[in-house]
Amino acid sequence: MKQLYLSSSPHIHSGETTTGVMRAVLYSLLPACGVAVYFFGPSALSVLLIATLGCLASEAVCQRLMGQPVTLGDGSAAITGVLLALNLPPSSPWWLTLLGAVIAIAIGKQVYGGLGSNPFNPALVARVVLLISFPVQMTTWSAPAPLGSGLDLVTTATPLGEWKNAVMLTGQLPAEMQGSMTNFFIGNMPGCIGEVSALALLLGAAYLFYRRILTWHIPTAFVGTVVLLSGLFWLIDPAKYPNPVFHLLTGGLILGAFYMATDMVTSPVSISGMLLFGAGCGFLTVLIRLFGGYPEGVSFAILLMNAATPLIDRYARPRTFGTVRQGRTQ
Amino acid sequence: MKLKTFAGGIHPPDNKQWSSHKAIENCPLPAEFVVPLAQHIGAPSTACVDIGQHVAKGQVIGSAKGFVSVPVHAPTSGEVVAIEYRPHSWGPALPAIMIKPDGEDLWSTELQPSDPGQLSTDDMIEKVRLAGVVGMGGAAFPAHVKMSPPPEKQVRTLIINGVECEPYLTADYRMMLEEPERILRGVALLQSVLGAERVVIGIEANKPDAIALFEKHCAGTAFEVVSLQVKYPQGAEKQLIAAVTGKQVPSGGLPMDIGAAVHNVSTAAAVADAIVRGRPLIERVCTVTGPAIREPKNLRIRIGTLLSHLVEVCGGLAEEPGKIILGGPMMGFTQLGFNVPATKGTSGLLLLRMQDVDPRPEGPCIRCARCVQACPIKLMPTTIAAYARRNLTAEAAEYCAMDCIECGSCSYVCPSAIPLVQTIRYGKAAILAKKRNSP
Amino acid sequence: MLAAILSLGCIGMIAAVALGFAAKKFAVEVDPRELAVMEALPGANCGACGFPGCAGYAKALVAGTIDVNQCPPGGADVVAKLARILGVEAAAASREFAVVLCQGDNRKAQFKYHYLGLEDCTAAQRIADGPKVCPGGCLGLGSCQRACPFDAIEMTATGLAVINREKCTGCRKCVAVCPRQVIRMTPAEATVHVLCNSHDKGAVVRKYCQVGCIACQLCKKAAPDAYKIENMLASVVYEHHSEAAIALAKCPTKCIRDFAEGYPDGSALLPADADKPHAA
């Protein structure tokens, strides 16, 4: 007789694995990648490939150097790569993308101990480092040139950038904004590779909801806070502040709310914590967008809230069964 | 209709189809019984027979020590052949009495039926204690202790647990289908002993026939039958009370603190036997099931029957087993072999095949919060486990580690296969040890 | 410009005054000897002295409630220093090191089941008394390694804890954490050890371990003073350790080992031919 297995209970498992979760997230990002390649052509594809392969290679090298088993198979490095690419402009030069990949994995993840230990979202760490270090390359945007349209990629400004510039110069909304809300929704606008198409992102998010990998708490709190706050300012002065739908559909809000802020490792674990986290992200985003120096605030907002996650986890604990308040008996 | 339930929990496949349609069979007597003296929570009993002595069925062979203890009885008539340490399902070898059946299977003449109407409450509780009745849902806590709450803790709601939320197990289900009268007689006795105003029989909605049958039997009585949402651990004491009454047992407290008491359906039947017929607890229904057994069955077994005999009665092994589990797959205990006896708490014997065992090593926690959402006690299992692993007992205690009911929901959902329950259990042991060492 | 310099200067002055005041007002009185003792202690906070950390030991030393030789990691050096600071006689501290009394790794010893779950010896021990058939052998799940404050324990690839002599300070943390009591403290000068912790009968031991003590008495016959056999297990009588080496060659299972040439690191514990699988 072969040796039996003995273990502590339970003896059955849901069958869900970390690799399975990561794979589902990768699948859910496919529509956004597809739309990006459609609007921005081969340059988007090359950014996607370089970022993903760069992250995989960095992960392998880091783990080899630290004498740990190489765990490319779990898919977490690939996700970081894809998310990083989605957070870069389509015209990013190859060296910028590669540098981003190395920063994301080496500085954003492996120095903290690898998967599960990083306090900040690795892809956002890389994006912000690049944004601060190479502002020119990171804010050179291309107008979309759908495949088959015969258009070349032309340098232009993002809708948020356009608005910010106008407000900085004149204190007013630009007289005429390029693009319609419909175009913003499907992604026909300049911006980062992955942030442009709210439609594709929501499609992927719907799949994650269906697979129960994503819960509604963080995205709802995030988006809800942004809509509420930006709506408030819009009502106060519609001549200066754009309406909430504009905020919702431009910049990286959808990408941030559904994919970056919901990164499991760097967000709180309790429901109240998630709601608090999402609301904090929304608040900071609006604050940075309306009053900060950068037109876009999602990345900074999420990173700041990432830093607050341990604190949130400490205080926003679920109320233990049979207690009135935290840890106190009835 | 929205069915009653609790917050949190999981939905494992119930796998009851293996044995749910099989009527209870009487298990033939084995060639030898191994009756452990420790079968319940509390002080083990002490042997009160000698080697070579002839014992009658139902005769006391191990007497109780202390209040939280019950006697152990001979499962059949026969000769005591040995009193020695034998492998026990709890792990280490423990003292047990070996009985060789004489084949007559004759009841002890001292056991007399009585009319419950003539008995005082204390007499009834004493009869239950002498009959060695323990909670038969798995925890095996002496029933008479739960039946005698201190006077200031009046039990208003008596909940009868017919949930059987553990996957694979169908013993309680078959009991409910086949012996509703016996169960209900026990329920009525429990009610009169406890003086409960309200009696609720909670059954999971995946047993519609049992619900219908009990509704039929309870028509015209004050007993309520409540259909509960199918969710694990619906049958856990605290969760069941929360679902039925909407009240939560205070952390560190007992059900009686909020005026509730929970007894299993099989326990109720055993209480009826003890009081009305004077019969001690020497047999129970046990589900022998799983993909590695040839013919899954619901068996009425005598306490002290070796697992090897159960396997034999169920047609032997269909395949090489990978795990031998006493109890259900969520809270049961793995065994080293079939040479351990079934005890009063043995609700099932589950045999998994090699390929049913997931030998995946644990991975890093990705903080997906699945465990936090699944926890029926609303703990943060991953945080407690992380503290417990580093022997930070004070921190683990601060995160309410001691409130964990070890239901296994967190480990079940963990995508990184982290043994959360085991780690928390380890932390709980450390917390208790620390408490003992620093008075 | 001037306003800036002035205002910054003012802020600096105010802060300096406040800090100076706070330092005087909230100063904690510390016995200067206690500070000196803290200086002398290794500062590892290992707890070998019985206090949670070095500070606790220092306090007790100054209070005179404990001997100066209670700090194994510090060794004779620290004892001498402490004695000087406190002006007491230095009691001779005999130095002890931890040794894992088992060489039955997963090539040499048999397992009764596959253990799944928490990588921790205490947790595994709770499931059917641990996966190793031998009731005393090292479980190899590394609880001692994690408990060691000095990183002195290595887990070999074949599942055995081996203590690094260079790094071991004798703090006994591993001894306290091992659920099978397979780690023992041994005098520094003793180099011969019986590397077995099974009290089973010889015939039983032979079934599950190739390198276990079978209590054959041969070592005791060769060096009667240096060995004792208790409960079917031989051990070195460390008072007579110098005579123990005579019996080395007599041991049929090679569970007596002499580390006079130096203690091995993990992988070198067993001889090269140890890869032979155990005959079942």
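This note covers one strand of chain B and the contact between chains A and C in a predicted model.

1. The strand that deserves attention in chain B is β9(B), which spans residues 157-162. Six of its six residues are buried, so the strand is largely enclosed by the rest of the structure; buried here means that 20 or more other C-beta atoms lie within 10 Å of a residue's own.

2. In a regular strand the side chains alternate between the two faces of the sheet. In β9(B), Thr157(B), Ile159(B) and Asn161(B) lie on one side, while Leu158(B), Ile160(B) and Gly162(B) lie on the other, and both faces are covered, since all of these residues are buried.

3. The strand β9(B) also has two parallel partners to consider, beginning with β10(B), residues 198-204, to which it is joined by six bridges. Within that pairing, Gly162(B) is placed opposite Ile203(B). The other partner is β12(B), residues 260-264, which runs parallel to β9(B) and is joined to it by five bridges; here Asn161(B) has Asn264(B) as its bridge partner.

4. Turning to the contact between chains, eight residues of chain C are in contact with six residues of chain A. On the chain C side, the residues that touch chain A comprise six nonpolar and two polar ones, with no charged residue among them.

5. Strand pairing also links these two chains: β1(A), residues 5-7, and β2(C), residues 114-116, pair in the parallel sense over three bridges. One of the residues involved is Ser7(A), whose bridge partner in β2(C) is Leu116(C).

Terms used: Residues are numbered from 1 along each chain as its sequence is written. Chains are lettered from A and ligands numbered from 1 in the order in which they are written. This is a predicted model: local features need pLDDT of at least 70, side-chain atom pairs count only at pLDDT 80 or more; totals for chains, interfaces and linings use all residues. A residue is buried if 20 or more other C-beta atoms lie within 10 Å of its own, exposed if 12 or fewer, and partly exposed in between; C-beta atoms are placed from the backbone. Helices (H or I, at least four residues) and strands (E, at least two) are DSSP runs, numbered from the N terminus. Two strands pair if DSSP finds at least two bridges between them. Two residues are in contact if their C-beta atoms, placed from the backbone, lie within 7 Å. Ala, Val, Leu, Ile, Met, Phe, Trp, Tyr, Cys and Pro count as nonpolar, Asp, Glu, Lys and Arg as charged, and the others, Gly among them, as polar.
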